[in-house]
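Student: I have a new structure open and no idea where to begin. Can you walk me through it?

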Amino acid sequence: MIALFMFVVVLALLLVGIPVAFVFGAVSIAFAFLIPELGFEVFEVLPFRIFGIMSNTTLMAVPLFIAMGLVLEKSKMAERLLVSMSALFRDVRGGLAVSVVLVGAMLAASTGIVSASVVMMSVIALPLMLKAGYDKGLASGTVAASGTLGQIIPPSIILIILGDVMSVSVGDLFKGAVFPGLVLVGLYIAYILIKAYLNPHAAPIAKNIKKVSLKEIIFSIVPPMLLMIAVLGSIFAGIASPTESAAFGVVGALVLSLLNNSLNFEMIKYASLETVKLSGMIFMILIGATAFSLVFNELGGSDLILEFFSEDIGDVWVFIAVAMLSIFILGFFIDFIEISFIIVPILVPVMDAFGIDPIWFAVLIALNLQASFLTPPFGLSLFFLKGAAGDTIKTLEIYRGIIPFILLQLLGLGLVILFPDLVFAFL
C-alpha cells in the first residue's frame, strides 16, 4: 500500500505543476528517507543505471531526430509543401483541410516533432482556411490533430522512448506503427470530406488558393519524400539502425535547407540549442523516473499490480481496457513523457505475464498517448495552436473543433485492438 501511496503522491505533485524530474527525484528520496527498511542504500545501483542510460545507443536517436526536425522546421519546407498540396486540392470541397492532413502526415514522417508541426501549420494553414471561409472549429481541429500525427507516424520520439522502456526493437516499432498511422490519416480525411458534403458552409471550396506549376509541386514534395524514404527505408530494410538513420536524417535535413537557401549560422545555432534543451529535459525525466522505479519496486509496487491483474482479475482484455482507459484519462492532466516513464514500466510486467505482444501493445500506447496532445485542459497541441493563432480563434472554438478528432483517434485505437494485423503488416 505504501507503493500505491507513493504513486498517488507523484501524480498529485505533477498535477500541481512541479517539474517532472524534480517530482520523481524528490519523492524517491523522501520515501527512502522516511521508510527505515529502505534507506538510501536503495540508490546504490542508480549510478550504474544512469551510466546505462547515457551509453544507450538507441536513445541516441532521440536528440538526432529532434535536431533533424528542428532543421526542417526552419527550412521553409512546410510552407512549400502546404502551398503545393493546397493547389492540388483547390477544386475539392474540403480540399484545403485534406491538404493540411496530408502535409501533417509528411511533416510527421520528416520531423516527428509535434510542437513544430502544430505551430508551423497554425501560422501558415490556419489563416488560409479562415480566409477561405472554413468553420473555425473544423479549421483549428484539423490543424491541431494533423500536427499530432508525429506521435504515431515514424520516426516518432515516443516510439523510441517506448522501445527503450519496454525493451523492444525501435525498428520493429517503426514498422508496426506505419499502418495504424495511415489508418488515422484516412479517418481524418474521410471525416473532413463527409463533413464538407453534409455541411458545405463548414468547408467550402478554397477559391483564394492560387495555382502552382507542376514543376513547383514536384520540387516541393519530392525532396522531403526522398528524405523520408531514405530515413525510414534504411531502418525497415535493416541497412541502418534507428540511430544511424537519424544521423543520416540530420545530414539530409541540412542538405534540404541548403537547397532551399535557408541554411545559415543562426538556423544551426537555433536547432542546436533547442535540441540540447529538449534532449536534456527528456533525459533528466528518465533519470528521475529511474530513481522512482527503484524505490517503487523495492516497496513491492510492481508485484502488487502484477498480482492484481494476473491473479485477482486474470483476464487479458480487462487489463488492456483498464490500461488504455488509465492512459487516456491521465493524458488529460499530464504529459506523454511522464506517462511513458511512470505508467508504462508498471504495465510491462503484467503485459509479459499475459503473453501480450509488446510491439502491438506499444503501438496501442502510442496511439493513446497521441490523444493526450489534444485533450483539454492540458493538451499541448491546443496550447501551441492558441499561442500561434492568437485572438483569431477562441479557446472554446478550439475545444469544439478538436472533439471529433479525439473520437477518431479512439476509433483508430479500437480498430488496432480489433485488428492486430494492422501492426504486423510490415513485420
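Tutor: Start with a term: contact, or touching, means heavy atoms within 4.5 Å. Keep in mind too that this is a predicted model.

Student: OK. What does Phe319 touch, leaving out residues up to four places away in sequence?

Tutor: Phe319 touches Phe309, Leu347, Val350, Met351, Phe354, Ile356 and Phe361.

Student: And how many residues are in the largest nonpolar core?

Tutor: That core has 161 residues. Phe319 and Phe361 are both among those with the most contacts inside it, along with Phe65, Tyr134, Met166, Met324 and Ile365.

Student: Next, cavities. How many are there of 30 Å³ or more?

Tutor: The count comes to one. Its volume is about 30 Å³.

Student: Which residues line that cavity?

Tutor: Leu59, Ile161, Ile282, Phe283, Leu286 and Phe341. By class, that lining is six nonpolar residues, with no polar and no charged ones. Helix H13, residues 265-298, provides the largest share, three residues.

Student: What about pockets? What volume does the largest one have?

Tutor: About 840 Å³. Two or more lining residues come from each of helix H1 (2-16), helix H2 (20-34), helix H4 (61-73), helix H7 (114-131), H13, helix H16 (336-354) and helix H18 (380-389).

Student: Which element gives the largest share there?

Tutor: H13 again, with seven residues. In total 38 residues line this pocket, and Met281, Asp335, Phe336, Ile337 and Leu380 lie nearest its centre. The lining divides into 28 nonpolar, six polar and four charged residues.

Student: And how much space is in the second largest pocket?

Tutor: About 450 Å³. It is lined by 20 residues, and the closest to its centre are Arg49, Ala289, Thr290, Ser293 and Pro345.

Student: Which helices supply at least two residues of that lining?

Tutor: Helix H3 (46-54), H9, H13 and H16. H13 gives the most, eight residues. By class, the second largest pocket is lined by twelve nonpolar, six polar and two charged residues.

Student: Changing topic: where is Gln151?

Tutor: Gln151 is in the loop between helix H8 (136-147) and helix H9 (157-165).

Student: Is Gln151 buried or exposed?

Tutor: Gln151 has a relative accessible area of 3%, so it counts as buried, the cut-off being under 20%. Beyond its neighbours within four places in sequence, Gln151 is in contact with Val114, Ser156, Ile158, Phe336, Ala366, Leu369, Gln370 and Phe373.

Student: What joins Pro154 and Pro155?

Tutor: A cis peptide bond, with omega about 0 degrees. Pro155 also lies in the loop between H8 and H9. As a rule, most peptide bonds are trans.

Student: Which phi value does Ser167 have?

Tutor: A positive one, about 55 degrees, although Ser167 is not a glycine. Most residues other than glycine have a negative phi. Ser167 is in the loop between H9 and helix H10 (170-198), and with a relative accessible area of 67% it is exposed.

Student: And Asn261, what is its phi?

Tutor: Positive, about 60 degrees, and Asn261 is not a glycine either. Asn261 is in the loop between helix H12 (242-259) and H13.

Student: Why does Asn261 count as exposed?

Tutor: Because its relative accessibility is 74%, and exposed means over 50%.

Definitions and conventions
Residues are numbered from 1 along each chain as its sequence is written. This is a predicted model: local features need pLDDT of at least 70, side-chain atom pairs count only at pLDDT 80 or more; totals for chains, interfaces and linings use all residues. Side-chain values use heavy atoms; hydrogens and water are left out. A nonpolar core is a set of buried Ala, Val, Leu, Ile, Met, Phe, Trp, Tyr and Cys residues joined through side-chain atoms within 4.5 Å. Buried means under 20% relative accessible area, exposed over 50%, partly exposed in between (1.4 Å probe, protein chains only). On a 1 Å grid over the protein atoms alone, a cavity is a set of points where a 1.4 Å probe fits but cannot get out, and a pocket is an open set with protein on both sides within 12 Å along at least five of seven lines; lining residues have an atom within 4 Å of a point. Grid points are joined across faces, edges and corners, and a volume is the space filled by probe spheres set on the points. Helices (H or I, at least four residues) and strands (E, at least two) are DSSP runs, numbered from the N terminus. Ala, Val, Leu, Ile, Met, Phe, Trp, Tyr, Cys and Pro count as nonpolar, Asp, Glu, Lys and Arg as charged, and the others, Gly among them, as polar.
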